[in-house]
Amino acid sequence: MRQSFAYFCLERRMPVRKKKAYIGFIAPGFIIYTILMIVPIACAVYFSFFEWSGIGPMKFAGLDNFKKLFFDARMSKIFFNALKNNIKYLVCVLLIITPLQIFFAYMIYIKIPCHKYIRMMLFLPYVISTSIVGFFAIIMLDPNIGVGNSIIGALFGNKAKLAWLGDPAMVFKIFVMVVIWQCIGSGMMIFYADMQEIPSEIIEASIIDGAGGWTRFSKVVFPSLSASFSTNITLSVIYALTMFDIPYILVGPQGGVNNKIDFVNMVFYRYAFGGTYFGETSIGFGSSISVTMFIIILTFSFVTRKLLKGRAGREDRG
C-alpha cells in the first residue's frame, strides 16, 4: 500500500519536473529570439509613429509617415514601383526558378550521367557569399572590362558590345539569371531529399506497370513533394519580398536605370540611412516602410500556407 501511494505521488510530480526541464531548455533560445527579433520589431512599430533621425529628440507624427509612403506623389511612386518589382520577381520564382529546382532534383534522383558533379556545381553557388556571387556577375557583365563584352568584342567588334546592367530592357532578366545561378541549389536539394524518401517499392511497382519516365514523375514523384513544395514556396515568398543583396551589389542602392531592379528593402535602406528623400536620415520613415513590409510578408506567407495546406488536403483525399 505504501509503495502504491509513493508511486502515485511520484507519478503526480513527474509532469511538473518535466515541465521545468522543458522550460530550462526553451528559455535560452526564447530569450535570445525575443531580444534579437521581437524587441526590434516592437521598436520599429514604435518608431514608425515618430519623426526621428536616430539622434536627438523624437517628434510624434502619428500616421504621417504612412501617409507619405502611400499618398505622397513622389514617394508612393517609388514605393509601389519597388513593390511591383518584388512581386514580379516572386512570379519569376514560382514560374521559372521552382520548376528548374524540381527538374534538376529529378535529374539527380534518377542518376543521370555525372549527376554527382552536377549536384555539386549547382549547389556550390549557394554556399558562396552573396557578395562573391555579385562580384563574379560584375566581372562577367561590366561594360568596359567584363568578360562578356570582351568575348563579344573579339568576335563581332566593339560596336556589338552590350550595356548589360545599364540597359533597362536587360537588367531585370540578368538579375533573375544571377539569382537562379545562386539559389537554384538550395531548393533543388530540398526537393531531392524529399524524393529520396519515396519508397523504392512504389517506384518499382510503377516500372512493372509500364509507367514511362514522365508518367512516373507526374503520377508518383511529384505528388510526393508536398512537404518540400510547401517549404520551398514559403521560403521563396519571404526571400522575394525581402530581396536586397544581389540588386544592391549589381547596380547600387538606387535600383539601376529607371529603378528597374529597385526593391522595397533598397528603398528602406535609402530613406532610413541615406537621406535621399528628406536630405537627412529618417529612422521614423524607414520604420514605416519596414512595418508595411512586415505586414505584407505576413499576409503573403499566411495566404501561401493556406493555399498549400488546401492543396495537400485535396491530394490526401484523392
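**Exercise 1. Place I283 in the fold and find out where the chain comes back to it.**

Step 1: I283 sits in helix α13; helices here are DSSP runs (H or I, at least four residues), numbered from the N terminus. A word on the ground rules: this is a predicted model, where local features need pLDDT of at least 70, side-chain atom pairs count only at pLDDT 80 or more, and totals for chains, interfaces and linings use all residues. Residues are numbered from 1 along each chain as its sequence is written, and side-chain values use heavy atoms, with hydrogens and water left out.

Step 2: Is I283 buried or exposed? I283 counts as buried because its relative accessibility is 18%, and buried means under 20% relative accessible area, exposed over 50%, and partly exposed in between (1.4 Å probe, protein chains only).

Step 3: Now look for F50. It is 233 residues away from I283 along the chain, yet 8.6 Å separates their C-alpha atoms.

**Exercise 2. Do the same for I238 and K161.**

Step 1: I238 belongs to helix α10. With 34% relative accessibility, I238 is partly exposed.

Step 2: The partner to find is I297, 59 residues from I238 in sequence and 6.5 Å from it in space, C-alpha to C-alpha.

Step 3: K161 is in the loop between α6 (147-156) and α7. K161 is partly exposed too, at 32% relative accessibility. Its C-alpha is 7.5 Å from that of P143, with the two positions 18 residues apart in sequence.

**Exercise 3. Describe the largest nonpolar core.**

Step 1: Start with the rule: a nonpolar core is a set of buried Ala, Val, Leu, Ile, Met, Phe, Trp, Tyr and Cys residues joined through side-chain atoms within 4.5 Å.

Step 2: How many residues does the largest core have? There are 64, and Y89 and F175 have the most contacts inside it.

Step 3: Among the helices that each supply at least two residues of this core are α3 (73-109), α5 (130-141), α7 and α13 (283-317). The biggest giver is α3, with 16 residues.

**Exercise 4. Track down the salt bridge.**

Step 1: Look for a side-chain nitrogen of Lys or Arg within 4 Å of a carboxyl oxygen of Asp or Glu. By that rule you end up with one salt bridge.

Step 2: Which side chains meet in it? They are R270 and D262, at 3.0 Å from N to O.

Step 3: Check the burial of both. R270 is buried, at 3% relative accessible area, and D262 is buried as well, at 0%.

**Exercise 5. Find a positive patch and two unusual backbone angles.**

Step 1: Patch residues have over 30% relative accessible area and no salt bridge, with like charges joined within 9 Å and nonpolar side chains (Val, Leu, Ile, Met, Phe, Trp, Tyr) within 5 Å. K84, K88, K173 and K260 make up a positive surface patch.

Step 2: Zoom in on K173, which is in helix α7 (residues 171-196). K173 counts as exposed because its relative accessibility is 58%.

Step 3: Turn to phi. K111 has a positive phi near 60° although it isn't glycine; K111 lies in the loop between α3 and α4 (115-127) and is exposed at 56%.

Step 4: N259 is another non-glycine residue with a positive phi, near 55°. You'll find N259 in the loop between α11 and α12, partly exposed at 27%.

Methods. Accessible areas come from the Shrake-Rupley method with a 1.4 Å probe; for residues, only the protein chains shown count as cover. Lys and Arg count as positive and Asp and Glu as negative; His and the chain ends are not counted. The place of a charge is taken as NZ of Lys, CZ of Arg, CG of Asp or CD of Glu.
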